[in-house]
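Me: Can you help me read this protein? I'll ask things as they come up.

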Amino acid sequence: MEEDIRKLLEKNYALSKETYRMVKNIRSYTRWQRFWGWVKFIIIVLPIILAIVYLPAILKDLTQKYQELLRGGNASAIQNIINGENGIDTKNLSPEIQKYLK
């Protein structure tokens, strides 16, 4: 009887060790999954937040310049582009294109 109990205790101890090892692996796996979940969340949400904050100002400037160009061929807006006041550097253009700008 005592030997049966001892065998059962040894078997129970071996199973407990195996269960502990498995739980340890599962716990490590869930930690990494939680970490990568946050990383994915930040990768998705951070650009959205930055777009909400900065994109309206950028789009406002672009739409204003575009509207100036569309208003019946506004000569002053076109002249500003030719003069390089809107960020276009005409000095680096080829001579063929520069002769049309004069």
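Me: Where do Arg6 and Glu10 lie, and how far apart are they in sequence?
Reply: Both sit in helix α1, 4 residues apart, which is about one turn of the helix. Helices here are DSSP runs of H or I with at least four residues, strands are runs of E with at least two, and both are numbered from the N terminus. This is a predicted model: local features need pLDDT of at least 70, side-chain atom pairs count only at pLDDT 80 or more, and totals for chains, interfaces and linings use all residues. Residues are numbered from 1 along each chain as its sequence is written, and side-chain values use heavy atoms, with hydrogens and water left out.

Me: What does Arg6 form with Glu10?
Reply: A salt bridge, with the closest N and O atoms 3.6 Å apart. The term means a side-chain nitrogen of Lys or Arg within 4 Å of a carboxyl oxygen of Asp or Glu.

Me: Is Arg6 buried or exposed?
Reply: Arg6 counts as exposed because its relative accessibility is 56%. Glu10, at 46%, counts as partly exposed. Buried is under 20% relative accessible area, exposed is over 50%, and partly exposed is in between (1.4 Å probe, protein chains only).

Me: How many salt bridges does the structure hold?
Reply: It holds 2. Glu3 forms one with Lys7, where the closest N and O atoms are 3.8 Å apart. Glu3 and Lys7 are separated by about one helical turn because they are 4 residues apart in helix α1 (residues 2-70). Glu3 and Lys7 are both exposed.

Me: New topic. How many helices and strands does the protein have?
Reply: 3 helices and 0 strands.

Me: And what share of the residues is buried?
Reply: 2% of the 102 residues.
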